[in-house]
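Here are my notes on the model you passed along. I've kept them as numbered points so you can check each one against the coordinates.

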Amino acid sequence: MGGAVYDDKKDELFIVARGISYQIKVYDHLGNFKRVLDFPEESRIWNLADWDENSLLLYDAYREKIMVDLAYDGKSLSKEIECEDCYSSSFIRVSKEDGTLIESIPIVEDYSYIVGKESNGMFISKPLQSLVKYNDGYLLCSRQTDTIYYYTKDASLTPVWVTIPPAKDMVTKDMVNGFVEAGKYQFFEKIILEGDDLPIPTLYLVRDKETDNTYTQKIVFDEYKGYNFTVTQLTVSRTSEAKIGCLFLDTSDLKEAYNENRLSGQLKELVKDMNEEDNPILMVLHFI
């Protein structure tokens with residue numbers, strides 16, 4: 001499965017059948033099949049988001065796949081990749097009813113270089129959150145552009161983050177994979193794409209928009225001594241709101257912390273009667 005969204009008003013669950021047909025299959029909440037949304041043969045639907053009552057926002061990874069295939073075959077890469085049976089943009093909006101194209105979002109991508117690394121004959125990069133909830137719209141993120149765009153409900157497209165110099169001109173290549181905004185701060189991850197280190201090194205950073213200073217994240221939880229966490233685009237991807245994120249606290253870790261007297265407050269009371277086989281605790285974060 002390559003991602004899913006649920007429309008509670010229509011009781012429809014949209015699931016990407018990634019790796020097989022790249023269709024989107026639609027079910028109700030009981031798992032009863034309703035229909036399939038078909039796309040052009042060459043499409044590789046990778047991420048999806050619930051845009052409005054009638055449409056889905058999608059990321060099509062077809063051009064990225066062709067770029068990687070060309071590189072592995074030792075062929076030269078070009079800035080643009082043409083195809084006869086695919087969309088004109090990697091970012092599209094389609095009908096929830098039948099997958100009909102509503103809009104191709106005009107983002108220019110450069111496929112003349114690969115933002116990743118090769119290891120044992122495989123192309124490796126960090127998972128990309130192409131669609132990141134932001135205010136009333138979404139951030140559109142691609143490995144093949146040095147700009148993160150904000151796409152709003154009125155279909156306007158605004159650049160909100162530009163990487164200078166471009167990744168292809170960097171001595172040590174890196175990539176910013178979206179961000180989460182809270183007041184004057186932006187939380188993001190910087191992915192380092194040089195060297196042989198695996199897993200790929202990642203820096204978790206926070207930027208003060210007023211001073212333009214950037215710091216390493218160190219976020220603590222007063223009720224859980226010794227526990228640090230990071231905030232990234234994945235934190236909000238589990239919810240339907242840009243200002244609400246969530247983290248899962250492992251039950252066995254919590255019980256160990258309880259026995260070591262590292263918990264306090266409401267969390268301590270919750271953990272007191274838990275068993276290690278119980279479900280993890282969901283911690284909800286509000287970004288104001």
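The points below go through strands, salt bridges, a surface patch and one cysteine.

1. First, a caveat: this is a predicted model. Please read each distance and angle below as a computed value from that prediction.

2. Start with strand E2, residues 12–16. It is mostly covered, with 4 of its 5 residues buried. On one side, E2 is joined to strand E1 (residues 4–7) by 4 bridges, and the two run antiparallel. If you want a pair to fix the register, take Asp-7, whose bridge partner in E2 is Glu-12. The E1–E2 hairpin has 4 residues between its strands, and Asp-11 there takes a positive phi near 55°.

3. E2 also pairs with strand E3 (residues 24–27), again through 4 bridges and in an antiparallel sense. Here the register can be read from Ile-15, which stands opposite Lys-25 in E3. As general background, side chains in a regular strand alternate between the two faces of the sheet.

4. Carry on to the next hairpin. E3 and E4 run antiparallel and are joined by 4 bridges, with Tyr-27 opposite Phe-33 in E4. The hairpin has 5 residues between the strands, and Gly-31 takes a positive phi near 90°. So that's a positive phi at Asp-11 in the E1–E2 hairpin and another at Gly-31 in the E3–E4 hairpin; worth a look at both.

5. Now the salt bridges, of which the structure holds 13. The one I'd open up is Glu-12 with Lys-34, at 3.1 Å from N to O. Glu-12 lies in strand E2 and Lys-34 in strand E4 (residues 33–37), so the pair ties together parts that are 22 residues apart in sequence. How covered are the two ends? Glu-12 counts as buried because its relative accessibility is 7%, under the 20% cut-off. Lys-34 has a relative accessible area of 39%, which makes it partly exposed. Note that Glu-12 turns up twice, as the bridge partner of Asp-7 and as the acid in this salt bridge.

6. Asp-7 has its own charged company: it is linked with Asp-50 and Lys-96 in a network of salt bridges. In general, side chains of opposite charge can pair when their charged atoms come close.

7. Further along the chain there is an open sheet of 4 strands, in the order E15-E16-E17-E18, with antiparallel pairing. Which strands stand at the edges? E15 (174–182) and E18 (213–216) do, and each has a single partner strand, so one side of each is left without a neighbour in the sheet. The twist averages 30° from one strand to the next. Within this sheet, E15 and strand E16 (residues 185–192) are joined by 7 bridges and run antiparallel. Glu-181 stands opposite Gln-186 in E16.

8. Two loops of that region are linked by a salt bridge between the side chains of Glu-210 and Lys-184, 3.8 Å from N to O. Glu-210 is in the loop between strand E17 (202–208) and E18, while Lys-184 is in the loop between E15 and E16, so the pair ties together parts that are 26 residues apart in sequence. Glu-210 is exposed, with a relative accessible area of 63%, whereas Lys-184 counts as partly exposed at 29% relative accessibility.

9. Compare a local case. Glu-269 and Lys-272 meet in a salt bridge at 3.3 Å, N to O. Both lie in helix H4 (residues 265–272), 3 residues apart, or about one turn of the helix. Glu-269 counts as partly exposed at 48% relative accessibility, and Lys-272 counts as partly exposed at 39%.

10. On the surface, Phe-248, Leu-282 and Val-284 form a nonpolar patch with about 290 Å² of accessible area together. Phe-248 has its place in strand E21 (residues 244–249).

11. Last, Cys-83. You'll find it in the loop between helix H1 (62–72) and strand E7 (91–95), partly exposed with a relative accessible area of 22%. Leaving out residues up to four places away in sequence, Cys-83 touches Tyr-62 and Arg-63. The C-alpha atoms of Cys-83 and Ile-66 are separated by 9.8 Å, with the two positions 17 residues apart along the chain counted as their spacing.

How values were computed: Residues numbered from 1 in each chain as written. Predicted model: local features only at pLDDT ≥ 70, side-chain atom pairs only at ≥ 80, totals over all residues. Heavy atoms only, no water. Buried < 20%, exposed > 50% of the residue type's maximum accessible area, 1.4 Å probe, protein only. Pairing = 2+ DSSP bridges. Patch = residues over 30% accessible without salt bridge, like charges linked within 9 Å, V, L, I, M, F, W, Y side chains within 5 Å. Areas by Shrake-Rupley, 256 points an atom, 1.4 Å probe, with all protein chains shown as cover. Salt bridge = Lys/Arg side-chain N within 4 Å of Asp/Glu carboxyl O. Axes fitted to C-alpha atoms, helices over the stretch in contact; angles between N-to-C directions. Contact = heavy atoms within 4.5 Å.
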